[in-house]
Structures are given as C-alpha cells and as structure tokens.
Amino acid sequence: MNAPHGGAMTVPRLSRRAESLGTENAFVVLAEVNALMREGRDIVSFCIGQPDFPTPRYVQEAAIIAIKSGKHGYTPSAGIDELRAAAAQDMGARRGLDIRAEDVVVAAGAKPFIAYTIASVTDYGAGDEVIYPVPGFPIYESQIVANGAVPVPIYLREARGFAFDPAELESKITPQTRLLILNSPQNPTGGILRADDLDAIAEVLLSHPHVWVFADEIYSRLVYEGRFDSLAARPGLLERTVIGDGASKTWAMTGWRIGYAANRALAPVFTRWITNTESCASQISQWAALAAITGPQATADMMRQRFLERRDLIVRLLNDVPGVECATPGGAFYVWPNVTEACRMMGAADSETFRKRLLHEAGVAVLADIHFGRRVPGEGQHIRFSYAASKEAIENGVMRIADFIRRHR
C-alpha cells in the first residue's frame, strides 16, 4: 500500500523494552558466515555452540513413534508427567539432591527460564538488581534490561580459571539485589566453578537470604575432569536456586527445543509463564527427550569423549599460534584464548577487529569477547572458538589463523 500523499510510510514507535532488547551474536555472525558462503567463500566456522553430531537414533525413533501414535496435541504447560519425573531423577542423581517431579517444569528450550526467572523475582523499574557473569551468555544481560532490572556485572578472571572473586560478589550484593546468575560449565570460557568456588559463594549467600540464584547448568554432562558440582548441593541453597538444564547439548537436540528447570517454590510460577507464552513445549519433542534421558547413554558418552579429544587438540594447536595463549577449559565445548599479543603483532585495534579480519581475510569465523558483554578490565583481548566441529575443521582453521598472523605480523 502506498503512503498517503506520496510520503514515506510511518509506523507507531516501539517500546523502550523492544529497542533495548539485545541479541545473541553467535546467530548474527552465523548469518554473516552463511552470506559469505553463498557467495562462494570457503569459511571454517567456529562461531555456533551446538553439537555437530546427529541426535541419537533411538531418540529419533521415539519421536516417530510419538507422531504415529497420535501424540500431536497440547500437553500440560509444565510438561508431560513422564518427562518431569525423568528429568527430576536425572538432575537429582547427578547433583546428589532430592528433586521431585513436581519441582520440574519443561519449556521450549532452557533459554526461556532465564527470562522467566528474572521476571519472577524482580519488578520492572523498581531498581531491583541482578548480578551476572561477564564474559557470559549475552541473553543474561539482554533479559535483565528487557525486564526492567539493573544489570550488575561480576567479572570472570583468567587467573582464577575464569571464576570470580567471592569478595567481589560480597561487595556487589546490596539490599536491591534479587538474583545471582551462575553458569558452570561456562559459555564462553569453558571454565568451571570448582568445589571451593561454590563453597565460598554459598558462604556469601547465606549472609544474604534475600537473593535468589539461577544456576545455568546446561553443560552439566560436559565436564572433563572430576564430577559435576552444583551450588544447589550446598546446605540451605536448594530452596532458592533455580537449576536450569536441558536436552540440547547432552544429546545433540538443539533444534528439538526442550529444556527444564527445577525449583520447588517457582515451579508453579514458571508453569503460569509458559501458559501465558508458549502454552507448552512440543509434545513430540517431549517424548523424544524422555527417551534421551532414560535410554542408553552410549551415544552421549561417545560425544563427550569426542569433545574432550577436540578440546585437547584445539588447545595444543592454538598455543602454537604466534601471539595466542589458550588455557585448558574444564567443560562445555568452548575455548577462550587470549589474543592480546596477536592483535598487537598484526596492528589490530582489538579482538573485534581481529575477528573481522580472520573472517574476511583468512576465512575463519570466531566470536570476539565483546559479543559476551563488556570487556573485563585488565584482562586483555579474547576470542571464542566452539570446538563442536570436526578434527579436520579444527586443524584447518587453526592453521589458517597461524598462517594469517605470520603473513601480517
């Protein structure tokens, strides 16, 4: 339809919430990569965090059976009883906790629970504060701002294995603090909160009973040394900790969109949020996730072993690249190398300039540290690789980076 009198079409203004809503830059860069590949460019991509394996066959078969048996309709907003019970048992067993089926709510992925938790424990525009990790999953800050709360970053330090100083946490908690977000294993660093880190955090929180915790533990099955540990296992913390987990990373089910969260007090609230938003997760995907959790775990164990092998390979190769220093991460499928010296050698102003040059001149796609929040003061420049990629892609991609730096130093 043409605009009246030949003028430009106008639309009513957007809300401040819509205008301030952030994004997940992995998808933004992926779109850029796909556009270059459509032009015929040869790109090795490390920018997206999803397993490159197919969903296990028995999980696929469970979905087909669900379709053929007529499981096509709505489910209860909290999820089918069978999946809630299986998720409760699985999460509880891995953490040494008593989690009941009625404590668990299923959603279309684990990501919605970030927003549901923030919206459930903060009030819009009231000055309520949320402490969140930086560098960290960008949706944390995006949802804090969108829900009208105050984002309070707490910095992950390379020297501490990408943990934060508990004394810094103590200094950031105020009477307005409503929520602390934790992520272990972490995106983007691959760091893990060890037992002593969690003990120290628990000690701080016990002095501040007004603070909720969102424990993003979606990578809990991808820990490479020792057992997974959770803040919720500390005395007095289970009741006020939301445990977020899901099927995406463990069973290569990112597109199936099944996540779950456990908290006894907030489960009814989350259920109402789901009724108000998505109604329920896909019934077909729920039956598939039930099979994933309760079925044979050989495929999930195989994927974890392959990720471990890839981790060791990419860390070794990156540490041979001029100007790059890469710590060995404890979990997930990310590395977070320090490229401060590489930037200096190439005359790149920062990691984002370095990232763009790698993409357009070397044909390697990574993400820069600024895609995961503000740059940590005093920590230099970093980029993120997802090593959910083949051995050949890792070898080829890192070789391209090394050659590129040597040519342009």
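**Exercise 1. Is Cys 47 buried or exposed, and what is its relative accessible area?**

Before solving, note that the model is predicted, that local features need pLDDT of at least 70 and side-chain atom pairs pLDDT 80 or more, while totals for chains, interfaces and linings use all residues. Residues are numbered from 1 along each chain as its sequence is written, and side-chain values use heavy atoms, with hydrogens and water left out.

Solution. Step one is the criterion: buried means under 20% relative accessible area, exposed over 50%, and partly exposed in between, with a 1.4 Å probe and protein chains only. Step two applies it: Cys 47 has a relative accessible area of 1% and is therefore buried.

**Exercise 2. Find how many disulfides the whole structure holds, and examine Cys 47 and Cys 343.**

Solution. A disulfide is a pair of cysteine sulfur atoms within 2.5 Å, and the search of the whole structure returns zero. For Cys 47 the closest cysteine sulfur, that of Cys 326, lies 17 Å away, which is too far for a bond. For Cys 343 the closest cysteine sulfur is also in Cys 326, at 15 Å, again too far for a bond; Cys 343 itself is buried, at 3% relative accessibility.

**Exercise 3. Describe the sheet and the helix α4 that packs on it.**

Solution. Helices (H or I, at least four residues) and strands (E, at least two) are DSSP runs numbered from the N terminus, and two strands pair if DSSP finds at least two bridges between them. On these terms seven strands form an open sheet of mixed pairing, in the order β2-β8-β7-β6-β5-β3-β4. Its edge strands, each pairing on one side only, are β2 (104–107) and β4 (150–155). Helix α4 (residues 81–95) packs on the sheet and touches β2, β7 (241–246) and β8 (259–262), where contact means heavy atoms within 4.5 Å. Within the sheet, β3 (residues 129–134) and β5 (residues 177–183) pair in the parallel sense over three bridges, and Val 130 has Leu 179 in β5 as its bridge partner.

**Exercise 4. Determine why helix α6 (residues 139–146) counts as largely enclosed, and by which elements.**

Solution. Six of the eight residues of α6 are buried, so the helix is largely enclosed by the rest of the structure. Those residues are Ile 139, Tyr 140, Ser 142, Gln 143, Ile 144 and Ala 146. They pack against α1 (16–20), α5 (112–121), β3, β4, β5 and β6 (212–216). After α6 comes Gly 148, with a positive phi near 75 degrees.

Terms used
Axes are lines fitted to C-alpha atoms, for helices over the stretch in contact, and angles run from 0 to 180 degrees between N-to-C directions.
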